[in-house]
Amino acid sequence: MLIKHFASDSKGNLYTIDEDIIIDCGVSFSFIDATIDFQSFGYLLLTHEHADHLNKVSLRKVFTRSNLIIVCGEWLNDILLSHGFDESRIIVVEFGKVYQLGEYKISPIKAYHDVENCGYRIMKDGHKHLHITDTATLDGIDAFDYDTATIECNHDEQKALELIAQAKENGEFTHLKGAMNSHLSVQQTIQFCERNRIKQLYPAHIGSSTKKEVIEALRRWV
Ligand SMILES: [Zn+2]
Ligand SMILES: [Zn+2]
């Protein structure tokens, strides 16, 4: 399974699995068009409504210029239908169920964010991949012995707490407090990978304010 991250942070998200599955559509259409041959993919898996994961203008263009099937939870289906997307090219998936998409089996996993969100288990020919970003916790999720995982490493816990304390002292606003309540730290992700013996982690959705510390934490761990 060839996993690629073309955009992965709070400014935009676009991932691919082989030449078959696209995950999220939170970038401009011109970026998508210049980056991937989207018409050759079969499925587009969506996670949640935040603009860095779902750019509706881009999605419409991609959808009308291809035969892509959109896969999403019911919380996004309502939004897509209200925007006139063709129902017959949307597969609505439920937590805990497994779906056959061509040669792949996929299954959505509940994520814990400030809006309804999900990750996906994706399996093909014995290869098991986990994709999950924008969640406060991975508690209750198992991915034992998975071959690969795209998991967010949004912030470094210690540095984020330092920056929050600093902002408070200066009477300044920081988005980090909210980020800590709705995103995974690099420490949580490393613990999860160790507990599950994930063979290869593709770090995702790294926030800019503690990026240096996140990369250091990953380097120390690998
Ligand atoms: Zn995000
Ligand atoms: Zn989000």
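Trainee: Let's start at the turn: what makes β9 and β10 a hairpin, and which residue there has a positive phi?

Mentor: Two residues lie between β9 and β10, and Asp 125 in that turn has a positive phi of about 50°. Keep in mind that this is a predicted model.

Trainee: How do you know that β9 and β10 pair, and in which sense?

Mentor: Pairing takes at least two bridges. Strand β9 (residues 116-124) and strand β10 (residues 127-132) have five, in the antiparallel sense, so they count as paired. For a spot to look at, find Met 123, which stands opposite Lys 128 in β10.

Trainee: What makes β10 and β11 a pair, and how do they run?

Mentor: Four bridges join β10 to strand β11 (residues 148-152), and the two run parallel. With at least two as the cut-off, they therefore pair. Here Ile 132 is opposite Ile 151 in β11.

Trainee: What is the order of the strands in the open sheet that holds β9, β10 and β11?

Mentor: The order is β7-β8-β9-β10-β11-β12, six strands with mixed pairing.

Trainee: Why are β7 and β12 said to stand at the edges?

Mentor: β7 (99-101) and β12 (200-204) each have a single partner strand, so one side of each has no neighbour in the sheet. As for twist, neighbouring strands of this sheet are turned by 25° against each other on average, ignoring direction.

Trainee: On to the other sheet. What is its strand order, and which are its edge strands?

Mentor: Six strands again make an open sheet with mixed pairing, this time in the order β1-β2-β3-β4-β5-β6. β1 and β6 (90-92) are the edge strands, since each pairs on one side only. From one strand to the next, the twist averages 20°.

Trainee: Which helix packs on that sheet, and what does the helix touch?

Mentor: That's α3 (residues 74-82), which touches β5 (69-72) and β6. The direction of α3 makes about 150° with that of β6. Angles here run from 0 to 180 degrees between N-to-C directions, so a value of about 150° puts the two closer to opposite than to alike.

Trainee: Last one: how do you know that β1 and β2 pair?

Mentor: Count the bridges: six join strand β1 (residues 3-9) to strand β2 (residues 12-17), and the strands run antiparallel. The cut-off is at least two, so they pair. A hairpin connects β1 to β2 through two residues. Among the bridge partners in β2 are Gly 12 for Asp 9 and Leu 14 for Ala 7.

Technical notes
Residues are numbered from 1 along each chain as its sequence is written. Chains are lettered from A and ligands numbered from 1 in the order in which they are written. This is a predicted model: local features need pLDDT of at least 70, side-chain atom pairs count only at pLDDT 80 or more; totals for chains, interfaces and linings use all residues. Two residues are in contact if their C-beta atoms, placed from the backbone, lie within 7 Å.
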